[in-house]
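Open the model in your viewer and follow the stops below. Each stop gives a selection and says what is found there.

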Amino acid sequence: MNIPTKLSSWKALEQHRASLEGETLRNLFATDAQRFDQFQCTAAGLFVDYSKNLINATTLELLLNLASEAQLEQKIAALKAGDKVNNTEARPALHSALRNLSGDAVMVDAEDVMPGINRVLDRMAAFSEKVRSGSWQGHSGKAITDVVNIGIGGSDLGPLMATEALAPFAHDRLQLHFVSNVDGSHLASTLAKINPETTLFIVASKTFTTQETLSNAHSARNWFLESGAPEASVAKHFVALSTNSDAVASFGIDTNNMFEFWDWVGGRYSLWSAIGLSLMLSIGSERFKQFLSGAHEMDKHFYEAPLGNNMPVLLALLTVWYNNFYGYTSHMIAPYDQYLHRFPAYLQQLTMESNGKSVHKDGSPVEHSTGPIVWGEPGTNGQHAFFQLLHQGTHIIPVDFIMPIESMNPLSNKIGSHHELLLANCFAQSEALMMGKNAQELTLEMHAAGESDDEIDRLKGHRTFTGNRPSNTIMMQRLDPQALGALIALYENKVYAEAAIWDINPFDQWGVELGKQLAKSIHQEIEAGNTVTAHDSSSNGLINRAIKFRNLQA
């Protein structure tokens, strides 16, 4: 095990960070006319400008030394080879195999998994075509008009985000809905919009035991049967994404309409598998292949590009740089495309469930900060909400700006083009965060507006900006299936590179399991309705208060 903080390259970075105290992005740009050309990267149709970061050539060299000393290249090779990189569960993490369009074999325990992957993709495509063409009909002989994906976590966030992102490519008859929250309001509000005769439900649960998903699925089934549909017709209106054929059959789903995936596919990495069926239904199998192709191109780049020109690696190193050497433990995602409005939420799970760990792979405590807090909102909405804190708050928060050059909806009016205004705002925000506004610039600006020296002095503290706040800008030609696939794979591989450097396992999520275990026992206690004493005083008090109120309402 290579404990990061014990590596010589880590110690060199600590010394280098101290030497940069007082350095500013303004000065870095003023003294290097080639900075933009030096700190950029292109891969799989994406372009990244990372010149607006608090780094110089020496910083990059030292970060790359850290990657090498942490054996990142070997760990990338292990991921690709199907080694059991998920050491706590003794599994490989081969989500990249799901989008492997090279024709090469991918081996797991001496077996090529590609024939099985391709077989499921073919079955998904055949089923998707039946639904999209209208030949798959409900029990009353009507074509499907609404598809409801019932899942949670990776079985919901991924397909929801991608279906929203690729809405311009959606089928013109099918409406996609996503239900995840066990709060009955989520399902009830969805059911109120749809017709049981023309609705297809996708129940997404690998084990077919996920409590929230099964609760929603059974309520949906009850609603469907209460509409007057015969029980045998459940098979026409429900399909499963699972591996538990017995439970699926018991629910009433035809196991011929069960689309399986594998235990080496983690939930938050499963969009490329059968979990993507809702996306395929929306955009069609050919565009789904383009989506896989974009991710495959990014994987190929990640596996083959030198570390110094490797887009996921470079972004990972910047996260390490800020997280561990500046203490910037928050990271914002600002997509300047409304179709990506769920992308920050998707990255929250990908990043924080993967790298929200406090022990090394051998179980020993880490001595450094790991995964940052990830959050965000689309521009320009975020500019009128929380960007004030980014510009003038006491927290320094690195930002990823994501910007398609071409709009899917090129509207214009007498003010001008919507998309040109969006582009201008994106570029302006990254420049403003970097440059800020000093007292001299404010004085010139306010004098030009006719303000007095007294007024300038009064407002100087309020209207100046320190700047020096870092960001990356990720650009693509347009947000199409290929570009979205590449973008998601960029962040997946970035997360793995971060974990490799920190020596943590990004593929388990034991922290999620504790809450599930407790919820199961508490649920039984609430149902029993008796006074509870088995927990701490606060939990006992809360549970008993809920039980008392419930009993009063009975």
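**Stop 1: a loop residue, aspartate 503**

Select aspartate 503, which sits in the loop between helix 20 and helix 21. The model is a predicted one. Is aspartate 503 buried or exposed? Its relative accessible area is 7%, so aspartate 503 is buried. Now check the backbone: phi of aspartate 503 is near 60 degrees, a positive value in a residue other than glycine. Most residues other than glycine have a negative phi.

**Stop 2: the largest pocket**

Go on to helix 21 (510-528), which gives the largest share of the lining of the largest pocket, 7 residues. Show Thr210, Gly267, Gln509, Glu513 and Lys516 as sticks; of the 40 lining residues, these lie nearest the centre of the largest pocket. The space in the largest pocket is about 1100 Å³. Next colour helix 7 (154-165), helix 9 (211-226) and helix 15, which, like helix 21, each supply at least two residues of the lining. By class, the lining of the largest pocket holds 13 nonpolar, 16 polar and 11 charged residues.

**Stop 3: the largest cavity**

Select helix 20 (481-502), on the other side of the aspartate 503 loop in sequence. Helix 20 gives the most to the lining of the largest cavity, with 3 residues. Strand 10 (330-335) and helix 15 (343-355) also supply at least two residues each. To display the whole lining, select Thr319, His331, Ile333, Leu347, Thr351, Pro372, Val374, Asp400, Tyr491, Lys494 and Val495. They divide into 6 nonpolar, 3 polar and 2 charged. The largest cavity holds about 60 Å³ of space. How many cavities of 30 Å³ or more does a search of the whole structure find? The search finds 6.

**Stop 4: the second largest cavity**

Keep His331 and Pro372 on display, since they also appear in the next selection. Add Leu318, Thr319, Tyr322, Asn323, Tyr328, Ser330 and Pro398, and the lining of the second largest cavity is complete. Helix 14 (311-326) and strand 10 are the elements that give two or more residues to this lining. Helix 14 gives the most, with 4 residues. The space in the second largest cavity is about 50 Å³. Its lining has 5 nonpolar, 4 polar and no charged residues.

**Stop 5: the second largest pocket**

The second largest pocket has a volume of about 520 Å³. Select Gln338, Ser407, His418, His419 and Leu422, which are the closest to its centre among the 21 residues that line it. Strand 14 (416-417) and helix 17 (418-435) are the elements that give two or more residues to the lining. Helix 17 has the largest share, 5 residues. Sorted by class, the lining of the second largest pocket has 7 nonpolar, 12 polar and 2 charged residues.

**Stop 6: histidine 391**

Move to helix 16 (residues 387-392) and pick histidine 391. Its relative accessibility is 13%, so histidine 391 counts as buried. What is histidine 391 in contact with, leaving aside its neighbours within four places in sequence? Select Gln429, Ala432, Leu433, Phe465 and Arg469 to see these contacts.

**Stop 7: a cis peptide bond**

Select threonine 380, in the loop between strand 11 (373-376) and helix 16. The peptide bond from glycine 379 to threonine 380 is cis, with omega near 10 degrees. Most peptide bonds are trans.

**Stop 8: alanine 110**

Now find alanine 110, in the loop between strand 3 (107-108) and strand 4 (111-112). Alanine 110 has a positive phi of about 70 degrees although it is not a glycine. With a relative accessible area of 75%, alanine 110 is exposed, whereas aspartate 503 is buried.

**Stop 9: the whole protein**

Clear the selection and zoom out. The protein has 22 helices and 15 strands. Its C-alpha trace spans about 80 × 60 × 55 Å along the principal axes. The radius of gyration is 26 Å, which agrees with the value near 24 Å for a compact globule of 554 residues. Colour by accessibility: 50% of the 554 residues count as buried. The accessible surface comes to about 24100 Å², and carbon and sulfur atoms account for 50% of that surface. If you draw the contacts between residues at least 6 apart in sequence, 73% of them join residues at least 24 apart.

Conventions:
Residues numbered from 1 in each chain as written. Predicted model: local features only at pLDDT ≥ 70, side-chain atom pairs only at ≥ 80, totals over all residues. Heavy atoms only, no water. 1 Å grid on protein atoms, 1.4 Å probe; cavity = no way out; pocket = protein on both sides within 12 Å on 5 of 7 lines; lining within 4 Å. Points joined across faces, edges and corners; volume = space filled by probe spheres on them. Nonpolar A, V, L, I, M, F, W, Y, C, P; charged D, E, K, R; others polar. Rg over C-alpha atoms; globule rule 2.2 N^0.38 Å. Buried < 20%, exposed > 50% of the residue type's maximum accessible area, 1.4 Å probe, protein only. Contact = heavy atoms within 4.5 Å. Areas by Shrake-Rupley, 256 points an atom, 1.4 Å probe, with all protein chains shown as cover.
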